[in-house]
Amino acid sequence: MSAYLLFGGFFCSLLLNLSIIVLSKKFGLFIDTATSDKPQRFHTLPTPRAGGIGIFAPFLFTSLSLLHTQSNFIYGALVGGSLVFLSGLVEDFNASLSPKVRLVLQCLGGGAFIYLSDLYLQNLGFGITLPSYIAIPFTLFAIVGIINAINIIDGFNGLAGGVALIALGVLTYLSEGGVESIVFLALLGGVLGFLALNFPKGKIFLGDGGAYFLGFILSISLINLTQAPSSHISPWFGIALLIYPFWEVIFSIYRRKRHKIPAMLPDSNHLHQLIFHKTQSNPKTTLIILAFIAPFMLYALYFCNDEKALLLGSGIFIILYLLIYQRLVKFKNHF
């Protein structure tokens, strides 16, 4: 069963994305031009940016097949995930949405999940429990934050996809054969099918739809895993597992505020961009970052129910990140 789901998701994603590449070249759909003025653009050829379709499709088919289980998580993931994915897909069609409209759609997706699943961040660990009137808006904030965190790190071939792949692998392992694991396996296959075309050559990009959707799925899956009544997983596990995109967002906001730059304005000073400045290699940049963060993600898995260890691991990552970042800034300024 597991192998069928994994390979099914893989071939579904691979075939869909191959079709998108062909159709994009023929009709000019989803194209991210090499002449765009985006700060995170590092490609030199016009490339379709709709790889998220190949990832969303296995999720959609699998979720629809599981509706008979009457799982609140599946209902919430399906409705909320569809809204979030479509909000990004519109951007991938080159039909620009304002940041406020995208934020509203992401909030609607997150709100739909909370309402249909009745899951939200109430238990914060260390004996802290939030009342629902605080926990629900806090959960919405967290979901939207992770959605945009994955989008921020989607700057190089295989980077966001690689982070999502490791995280989904961990979630599949911890789901212990529950109904959620069926969705995770299909998604794992979908991400692998996308990565086969995205890394290292970048034949197709994840796009906003794919990045938003993966961020949404990871956030709600971690909420489900840590907040379910029978869960033994620490609420801090989610932060420790996704500490790289989580900290990238926090540090980016701080960095922009410090330099009096609007917090939502894109720039070219993210960690992956500084590493690229030194390596001058798109795939090598991705491999360096994945090699740096993978041990911390596995550490989070090993200590998934130990709040103090998870907090310690996150702190060590942040310190190392800041030290590396400082050295890379000096290198960039020197040249």
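Here are some numbered notes on this predicted model, going from the whole chain down to single residues.

1. Let me start with the overall shape. The chain has 335 residues, and a compact globule with that many would have a radius of gyration near 20 Å. The chain comes out at 19 Å, which agrees with that expectation. Along the principal axes, the C-alpha trace spans about 55 × 45 × 35 Å.

2. The secondary structure is made up of 13 helices and 4 strands. Of the contacts with a separation of 6 or more, 73% are between residues 24 or more positions apart. The salt bridges described below give you some concrete long-range pairs to look at.

3. On burial and surface, 53% of the 335 residues count as buried. The accessible surface of the chain is about 15500 Å², and carbon and sulfur atoms account for 68% of that area.

4. How many salt bridges does the structure hold? There are 2, and they link Arg49, Asp92 and Asp208 in a network. I would suggest centring your view on Arg49, since the next two points both concern this residue.

5. Take the pair of Asp92 and Arg49, whose closest N and O atoms are 3.0 Å apart. Asp92 belongs to helix 3, while Arg49 sits in the loop between strand 2 (47–48) and helix 2, so this salt bridge ties together parts that are 43 residues apart in sequence. Are the two partners buried or exposed? Asp92 is buried, at a relative accessible area of 1%, and Arg49 also counts as buried, at 9%.

6. The other pair is Asp208 with Arg49, again with 3.0 Å between the closest N and O atoms. Here distant parts of the chain are linked: Asp208 is in helix 8 and Arg49 in the loop between strand 2 and helix 2, 159 residues apart. Asp208 counts as buried too, with a relative accessibility of 11%.

7. Helix 8 deserves a look of its own. It covers residues 207–227, and at 1.5 Å a residue its 21 residues should span 30 Å. The C-alpha atoms at its two ends are indeed 30 Å apart, so the expected and modelled spans agree. The helix is mostly covered, with 21 of its 21 residues buried.

8. Further along helix 8 you will find Ile223, a buried residue with a relative accessible area of 4%. What does Ile223 touch, leaving out residues up to four places away in sequence? Its contacts are Phe113, Leu119, Tyr120, Leu121, Thr139, Ile143 and Ala228. For a sense of distance, Ile223 and Gly210 are 13 residues apart in sequence and 20 Å apart in space, C-alpha to C-alpha.

9. Just ahead of helix 8 there is a backbone feature to check. Phe199 and Pro200 are joined by a cis peptide bond, with omega at about 5°. Pro200 is placed in the loop between helix 7 (179–198) and helix 8.

10. Towards the N terminus, Ser24 is part of helix 1 (residues 2–27). Its side chain reaches the backbone oxygen of Ile20 at 2.7 Å. Ser24 is buried, with a relative accessible area of 2%. Setting aside neighbours within four places in sequence, Ser24 is in contact with Leu29, Phe30, Ile31 and Pro48.

11. Two residues other than glycine have a positive phi and may be worth a glance. One is Gln70, with phi near 55°, in the loop between helix 2 (52–65) and helix 3 (72–92). Gln70 is exposed, at a relative accessible area of 60%.

12. Asp118 is the other residue to look at here: although not a glycine, it has a positive phi of about 60°. Asp118 lies in the loop between helix 4 (99–117) and strand 3 (123–125). Is Asp118 buried or exposed? With 56% relative accessibility it counts as exposed, because the cut-off for that label is over 50%.

Notes:
Residues are numbered from 1 along each chain as its sequence is written. This is a predicted model: local features need pLDDT of at least 70, side-chain atom pairs count only at pLDDT 80 or more; totals for chains, interfaces and linings use all residues. Side-chain values use heavy atoms; hydrogens and water are left out. The expected span of a helix is 1.5 Å times one less than its number of residues. Buried means under 20% relative accessible area, exposed over 50%, partly exposed in between (1.4 Å probe, protein chains only). A polar contact is a pair of N or O atoms within 3.5 Å; within protein, one must be able to donate a hydrogen and the other to accept it, and residues adjacent in sequence count only if both atoms are side-chain atoms. Contact means heavy atoms within 4.5 Å. The radius of gyration is taken over C-alpha atoms; the globule rule is 2.2 Å times the number of residues to the power 0.38. Accessible areas come from the Shrake-Rupley method with a 1.4 Å probe; for residues, only the protein chains shown count as cover. A salt bridge is a side-chain nitrogen of Lys or Arg within 4 Å of a carboxyl oxygen of Asp or Glu.
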